[in-house]
Amino acid sequence: MDKILHGTSKSLRGAMSVPGDKSISHRAVMLGALSNGETHVTDFLNGADCLSTIGCFRAMGVPIEISDDEKEVTVHGVGLHGLKAPEEILDCGNSGTTTRLISGILAAQIFSSELTGDASIQKRPMKRIMTPLRLMGADITSRYDNDCAPLIIKGQPLHGIRYESPVASAQVKSSILFAGLYADSETTVIEPSLSRDHSERMLRALGAEVSTKKLSDGRAEITIQPANQLNAFSETLSIPGDISSAAYFITAALIVPGSDLLIRNVGINETRAGILDVYRAMGGDIELVNERLSGMEEVADLHVKYSQLHGTEIGGALIPRLIDELPVVMVAALAAEGPTVIKDAQELKVKESNRIKVMADGFRAIGLSALETDDGMILDGYGEDLSAAIRSGVVDSLKDHRIAMTFAVLSLLAGQDATGRPIEITLRDADCTRISYPSFYEDLYLTLR
Ligand code: S3P
């Protein structure tokens, strides 16, 4: 479904909250399913991706109850060895996290399975998990021999490995760590820099032995010992608001004049909070209020005010800490004074879409210029002239939820054409926001006052 977007004369004001964290919601279901006992989850993300994870575990015999609003979930764990062979092909939908993390678990089962997903999933690289899982002894093949899903996995006994991952990817790391639960000796993953560490935190809370070492050259070494069992969470797991969803509101509040917004209960885990560092370096007024611990994760309320931003450089170890936020950071860069350089972000090309190309195409479609590079983007900020530079046009989200939400934020600044008619941005497949943020447009328009 397409959506026609116009600018606003209002500002983002008041207080709001965003839905639960996607990465943590996935892991709560997966590890809840593998533990002994019941896991109660509140503020579960009811986006399509996390519902795909639930669907896969139900298909393997795990009883999972969901409330009517799909935000409260109870997982009746079956233990590490209690999954049943699925009768059908497991459907991971649009979710890379589901596909890659489940593969690590399936590799060690006593049954065979096949998993697949939508057109985007079937194009995403799976070699990055197939290689290390095979080193552990897994029998995992790509149905069309193209290193993509559908994947066929014949469960095998696994060995521990020491694996140096070429990418700082939490999906790769988690897939290996989950397989490592079942291995015959310890498993170590070395990453170029530490990627999001929700799996490690949750595994430790469930009694698994996981250690993390930061090496002097910036790499991170994570080791897991084989486990006999995981104990279910003793308390209800309340999922913090997703900083990747909050990113759209943080950005909108920074660039829409007059904004003053409080976003409550946002996860600020260091491995996820790169966007806060970048926006502060750009001159953004963001205050962390009421910092506290929620279960295994740090959270805070974010008080964000309209700010005159200036350009910056983003690269290196910062990239994995804000990889999903980079499209919307590009919008902030356009609203800033001076140039912004984003580099070392080749990973953007293998997300739900090629996010470097799709962003550059989208900007061009509405009259804005940005220089695509092989590993990022160079943006010459328009500063206060951004509004006047936006033209009417058609932006294709390519069904990528983060691209759709990013252009919805940018469109808030659209003005009028020479004849006084409002600029109109047509956003193709705008409803793909249901993947990670089903109530995104309602929340955005409710925040405008
Ligand atoms: C995720 C890890 C990241 C991120 C994705 C969620 C996770 O992917 O982009 O949205 O939950 O582990 P990579 O591991 O490919 O960097």
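1. Rings of Phe, Tyr and Trp count as a pair if their centres lie within 6.5 Å. In this predicted model, the structure holds six aromatic pairs. The points below describe two of these pairs, a cluster of rings and a charge placed over a ring.

2. The first pair to consider is formed by Phe-249 and Phe-440. Their ring centres are 5.9 Å apart and their planes stand at 65°. Planes over 60 degrees apart count as edge-to-face, so this pair is edge-to-face. Phe-249 belongs to helix α7 (residues 243–255) and Phe-440 to helix α13 (residues 440–447). The pair thereby links distant parts of the chain, 191 residues apart. Both Phe-249 and Phe-440 are buried.

3. A further aromatic pair consists of Phe-363 and Phe-407, with 5.6 Å from centre to centre and 55° between the planes. This pair is tilted. Phe-363 lies in helix α10 (residues 355–365) and Phe-407 in helix α12 (residues 401–411), so the contact ties together parts that are 44 residues apart in sequence.

4. Are Phe-363 and Phe-407 buried or exposed? A residue counts as buried when its relative accessible area is under 20%. Phe-363 has 0% relative accessibility and is therefore buried. Phe-407 has a relative accessible area of 1%, so Phe-407 is buried as well.

5. Ring pairs also join Tyr-248, Phe-249, Tyr-437, Phe-440 and Tyr-441 into a cluster. Phe-249 and Phe-440, the edge-to-face pair of point 2, are among the members of this cluster.

6. Tyr-441, one of the residues in the cluster, has a charged neighbour. The charged end of Lys-3 sits over the ring of Tyr-441, 4.5 Å from the centre of that ring.

Note on methods:
Residues are numbered from 1 along each chain as its sequence is written. This is a predicted model: local features need pLDDT of at least 70, side-chain atom pairs count only at pLDDT 80 or more; totals for chains, interfaces and linings use all residues. Side-chain values use heavy atoms; hydrogens and water are left out. Rings of Phe, Tyr and Trp (its six-membered ring) pair if their centres lie within 6.5 Å; planes under 30 degrees apart count as stacked, over 60 as edge-to-face and the rest as tilted. Helices (H or I, at least four residues) and strands (E, at least two) are DSSP runs, numbered from the N terminus. Buried means under 20% relative accessible area, exposed over 50%, partly exposed in between (1.4 Å probe, protein chains only). A charge sits over a ring if NZ of Lys or CZ of Arg is within 6 Å of the ring centre and within 35 degrees of the ring normal.
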